[in-house]
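These are my notebook entries on one structure. I set down what I looked up, entry by entry.

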Amino acid sequence: SREVTSVAFSPGMRLVLSGSYDNTLMVWDVATGELLRTLHGHSDWVTSVAFSPDMRLALSGSYDNTLMVWDVATGEPLRTLHGHSREVRDVVFSSDGRLALSGSYDNTLMVWDVATGEPLRTLHGHLASVNSVAFSSEGTTALSGSSEGDVMVWDVATGKWLRTLRGHAGVVNTVAFSPDGTLAVSTSWDSTARLWDVASGEEIRHFVGHTLAVFSADFSPDGQRLITGAADQSARLWDVASGQEIRQFSGHTNWLLSVKFSPDGTTALSGAEDNLVILWRAEPLEELIEWGNGNRYLPVLSCPERAQYNVEPFCDDVGDIPQPTITPTPRLTATPEVSVTVEAE
């Protein structure tokens, strides 16, 4: 009933999870769009949601300063994680589902044991709120983006700061690793998304096209494409290698706060301040064209439409639509004789 702040696909692509300023999480059926259950437990805005790799658990972060772990099948809360002194802005699972990572307006990141709900370590270094966090695919490295405009890289096991990625001219809203962990993307109120080399900390390129703050970004499963969502009410698909925009998705009527690729990369989700979650086709352009050619529908035009669009043949005086005239292809009734002349040597 209020703004949708975060969306997530289940690993099997059967379910979608969304979080909202109405203090709830919702579980949806991807195939039908049907709402399966609503998860109640937070006492303030739900800012971030995630599925565990085995799809049995959901994780949420809230402005009530807590994280919650949920049973997806029943919608029941299993445990509440306390440790942050201010609002929790973002949460993620590690790839094995054993750890959780959170970022907060208290300027810290926290690593959690999912099974027990106990905090394992707190990562200090940011001078402003931590708005987004990410685990690398192997779970050994973490990213964080902050309101100070910096992106930081961390060693998860020790909590040690490794390097800072600087280049944004505004608040960093989202960070994400590429599937192989070598690249990172960050988005900002400066209207850009930026691509980084994680090992060196060097900026590779930035993606320019959005006209207002970019709030979210996600890599496709093959790492070749990037989707971003922004306050200009659009989601945009980009080619990672070239930085070129592939196409735009228009349909929301307010700021896009969260975008996510499906596990197979064929579709994408967006959640926005218009209270909607939208599912989009997100294949490469060549595959989309092929799908369109294979599923196109050619309607029969009415008489007024034929006249309006100047499509011949036009209807007759009594308003009858002309029937197609089929000219049969002549068929041979006998095998023609073939004359062969053989020249003797």
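**Entry 1: a buried threonine.** I began with the term I needed: a residue counts as buried when its relative accessible area is under 20%, as exposed when it is over 50%, and as partly exposed in between. I also noted that I was working with a predicted model. I looked up Thr5, which sits in strand β1. Its relative accessible area is 9%, so Thr5 is buried. I then listed the contacts of Thr5, leaving aside neighbours within four places in sequence. They are Gly19, Ser20, Tyr21, Val46, Thr47, Ser48, Leu257 and Ser258. For a distance, I took Gly41: Thr5 and Gly41 are 36 residues apart in sequence, and their C-alpha atoms are 17 Å apart in space.

**Entry 2: a glycine in a strand.** I next asked whether Gly61 is buried or exposed. Its relative accessibility is 0%, so Gly61 counts as buried. Gly61 belongs to strand β6, residues 57–62. Not counting residues up to four places away in sequence, Gly61 touches Trp45, Val46, Thr47, Ser48, Thr66, Leu67, Val88 and Val91. I noted that Val46, Thr47 and Ser48 are also among the contacts of Thr5. From the C-alpha atom of Gly61 to that of Val49 I recorded 6.7 Å, with their positions 12 residues apart along the chain.

**Entry 3: the largest nonpolar core.** I looked up which residues make up the centre of contacts in this core. The core has 14 residues, and Leu15, Leu17, Leu25, Val49, Phe51 and Trp70 touch the most other members. Strands β2 (15–20), β3 (25–29), β5 and β7 (66–71) each supply at least two of its residues. The largest share, three residues, comes from β5.

**Entry 4: the largest pocket.** I asked how many residues line the largest pocket. The lining has 46 residues, and those nearest the centre of the pocket are Val92, Phe93, Phe135, Asp218 and Lys260. The elements that give two or more residues to this lining are β1 (4–9), β5 (46–51), β9 (88–93), β13 (130–135), β17 (172–177), β21 (214–219) and β25 (256–261). I wrote down a volume of about 1,200 Å³ for the pocket. By type, its lining consists of 24 nonpolar, 18 polar and four charged residues. Strand β5 therefore appears in two of my entries, since it contributes to the pocket lining and to the nonpolar core, where a set of buried residues is joined through side-chain atoms.

**Entry 5: the disulfide.** I searched the whole structure for disulfides and found one. The disulfide joins Cys303 to Cys315, with an S to S distance of 2.0 Å. Cys303 lies in helix α2 (residues 303–309) and Cys315 in the segment after α2; the two are 12 residues apart, and the pair links distant parts of the chain. I then asked why the disulfide is called left-handed. The torsion about the S-S bond of Cys303 and Cys315 is about -95°, so the disulfide is left-handed.

**Entry 6: around the disulfide.** I looked up Asp320, which is found in the segment after α2. Its relative accessible area is 44%, so Asp320 is partly exposed. Leaving aside neighbours within four places in sequence, Asp320 is in contact with Cys303 and Cys315. The C-alpha atoms of Asp320 and Ser302 are 9.4 Å apart, and these residues are 18 apart in sequence. Pro313 also belongs to the segment after α2. The peptide bond that joins Glu312 and Pro313 is cis, with omega of about 0°.

**Entry 7: residues in loops.** I checked backbone angles and noted two positive phi values in residues other than glycine. Met13, in the loop between β1 and β2, has phi near 70°. Asn65, in the loop between β6 and β7, has phi near 75°. Asn65 has a relative accessible area of 24%, so Asn65 is partly exposed. Lastly I looked up Ser242, placed in the loop between β23 (234–239) and β24 (245–250). Its relative accessibility is 39%, so Ser242 counts as partly exposed. Ser242 and Arg225 are 17 residues apart in sequence and 9.9 Å apart in space, C-alpha to C-alpha.

Technical notes: Residues are numbered from 1 along each chain as its sequence is written. This is a predicted model: local features need pLDDT of at least 70, side-chain atom pairs count only at pLDDT 80 or more; totals for chains, interfaces and linings use all residues. Side-chain values use heavy atoms; hydrogens and water are left out. On a 1 Å grid over the protein atoms alone, a cavity is a set of points where a 1.4 Å probe fits but cannot get out, and a pocket is an open set with protein on both sides within 12 Å along at least five of seven lines; lining residues have an atom within 4 Å of a point. Grid points are joined across faces, edges and corners, and a volume is the space filled by probe spheres set on the points. Helices (H or I, at least four residues) and strands (E, at least two) are DSSP runs, numbered from the N terminus. Ala, Val, Leu, Ile, Met, Phe, Trp, Tyr, Cys and Pro count as nonpolar, Asp, Glu, Lys and Arg as charged, and the others, Gly among them, as polar. A disulfide is a pair of cysteine sulfur atoms within 2.5 Å. Buried means under 20% relative accessible area, exposed over 50%, partly exposed in between (1.4 Å probe, protein chains only). Contact means heavy atoms within 4.5 Å. A nonpolar core is a set of buried Ala, Val, Leu, Ile, Met, Phe, Trp, Tyr and Cys residues joined through side-chain atoms within 4.5 Å.
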